[in-house]
Amino acid sequence: MKKLFALCLAALMVLSLAACGGSKPAETQAPAAASEAAAPAATEAPAAPAKKWIIASDTVFKPFEYTDASGNFVGIDVDILAAVAADQGFDYELKSLGWDAAIAACQAGQADGMIAGASITEERKASGWIFSDGYYNATQSMTVAADSDITGFDGLKGKDVAVKTGTQGAAYAESLKDQYGFNIVYFEDSPTMYQAVLGGQCVACFEDTPIMQASIKDGGLALKVLDGTANAGGDYGFAIFNADNQELVDMFNAGLANIKANGKYDEILAKYLG
């Protein structure tokens with residue numbers, strides 16, 4: 001009887017062990033590092049390219065913008081813009097379009113800003129120009145042929161006077177026209193205006209004083225700026241025509257302040273004005 005009981009007990013133990021240890025071995029999990037290595041790496045979205053600002057300018061407004069003997073577009077405006085951009089770290093493309101075309105390009109959204117010896121005036125602000133701080137103060141004067149006997153505004157009565165369309169020189173002449181009784185002839189650029197005086201089609205022209213002085217000196221023009229004909233003058237400013245580009249004006253103002261502080265601004269003026 002004891003033998004039978006022992007045999008039964010042994011049988012039960014065998015069955016119990018089979019039930020617990022007879023199942024298939026547990027599956028092993030791959031190391032986390034191996035699983036991660038097998039998964040494709042997530043790719044980051046490419047960074048958006050930095051904005052390149054399109055800046056419009058005049059073609060000939062020496063010494064602020066002009067083409068030198070080597071074919072390079074140079075001048076005070078050109079160098080100031082380059083120095084400001086370097087200081088502020090922005091990218092730009094400068095396009096020499098001409099005065100009227102530069103304004104039109106900005107107004108049409110084809111250019112972001114304009115630097116072209118543009119005087120800061122309330123009339124321009126009212127018509128949509130948004131200006132930077134002033135970067136150069138200039139007066140406007142009257143210029144005549146070197147052999148002219150005209151010595152002042154009184155000698156203009158009944159005669160034709162040349163101006164460049166849309167400039168402060170033109171505005172100055174327009175303010176004197178009725179008082180001194182002269183006629184105004186409009187031109188699209190400064191060189192053509194000068195030629196009108198040199199060729200005798202007009203007896204005088206009105207232009208920004210530093211521009212006229214530089215043009216006479218560097219071009220050997222037979223013209224003279226008349227003393228006592230300058231107005232009070234005003235500041236030139238960098239301009240935008242879309243408030244969405246305010247960032248560009250802010251950078252220009254900050255950069256201008258910095259290059260004035262570190263001496264770069266004076267270096268640029270000395271390079272072109274002596």
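How do the residues of the lining of the largest cavity divide into nonpolar, polar and charged? In this predicted model, the place to start is the cavity itself. There is one cavity of 30 Å³ or more in the structure, and the volume of the largest cavity comes to about 60 Å³. An empty space like this turns up when a probe the size of a water molecule is rolled over the atoms. Its lining is made up of D58, F61, W99, A116, G117, S119, R124, K164, T167, Q168 and D208. As for the question, the lining of the largest cavity divides into three nonpolar, four polar and four charged residues.

Next comes the sheet. Five strands make up an open sheet with mixed pairing, and reading across it gives the order β9-β8-β10-β7-β11. At the edges sit β9 (183-187) and β11 (223-225), each of which pairs on one side only. Going from one strand to the next, the twist averages 30°. In general, the strands of a sheet are held in pairs by backbone hydrogen bonds, and the pairing can be either parallel or antiparallel.

Strand β7 is a good one to follow in detail. β7 (residues 140-145) pairs with β10 (residues 204-208) in the antiparallel sense, over five bridges. Looking at single residues, M142 has F206 in β10 as its bridge partner, while V144 stands opposite A204 in β10. β7 also pairs with β11: these two run antiparallel and are joined by three bridges. Here, T143 stands opposite V225 in β11. How many of the residues of β7 are buried? The count is six of the six, with buried meaning under 20% relative accessible area, so β7 is largely enclosed by the rest of the structure.

Two helices also belong in this picture. Before they come in, the pairing of β7 with β10 is worth recalling, as it runs in the antiparallel sense. Helix α6 (residues 168-180) packs on the sheet, where it touches β7, β8 (160-164), β9 and β10. The direction of α6 makes about 130° with that of β10. Helix α7 (residues 190-198) packs on the sheet too, and its contacts take in β7, β8, β9, β10 and β11. For α7, the direction makes about 150° with that of β10.

Note on methods
Residues numbered from 1 in each chain as written. Predicted model: local features only at pLDDT ≥ 70, side-chain atom pairs only at ≥ 80, totals over all residues. Heavy atoms only, no water. Pairing = 2+ DSSP bridges. Helix = DSSP H or I, 4+ residues; strand = E, 2+ residues; numbered from the N terminus. Axes fitted to C-alpha atoms, helices over the stretch in contact; angles between N-to-C directions. Contact = heavy atoms within 4.5 Å. Buried < 20%, exposed > 50% of the residue type's maximum accessible area, 1.4 Å probe, protein only. 1 Å grid on protein atoms, 1.4 Å probe; cavity = no way out; pocket = protein on both sides within 12 Å on 5 of 7 lines; lining within 4 Å. Points joined across faces, edges and corners; volume = space filled by probe spheres on them. Nonpolar A, V, L, I, M, F, W, Y, C, P; charged D, E, K, R; others polar.
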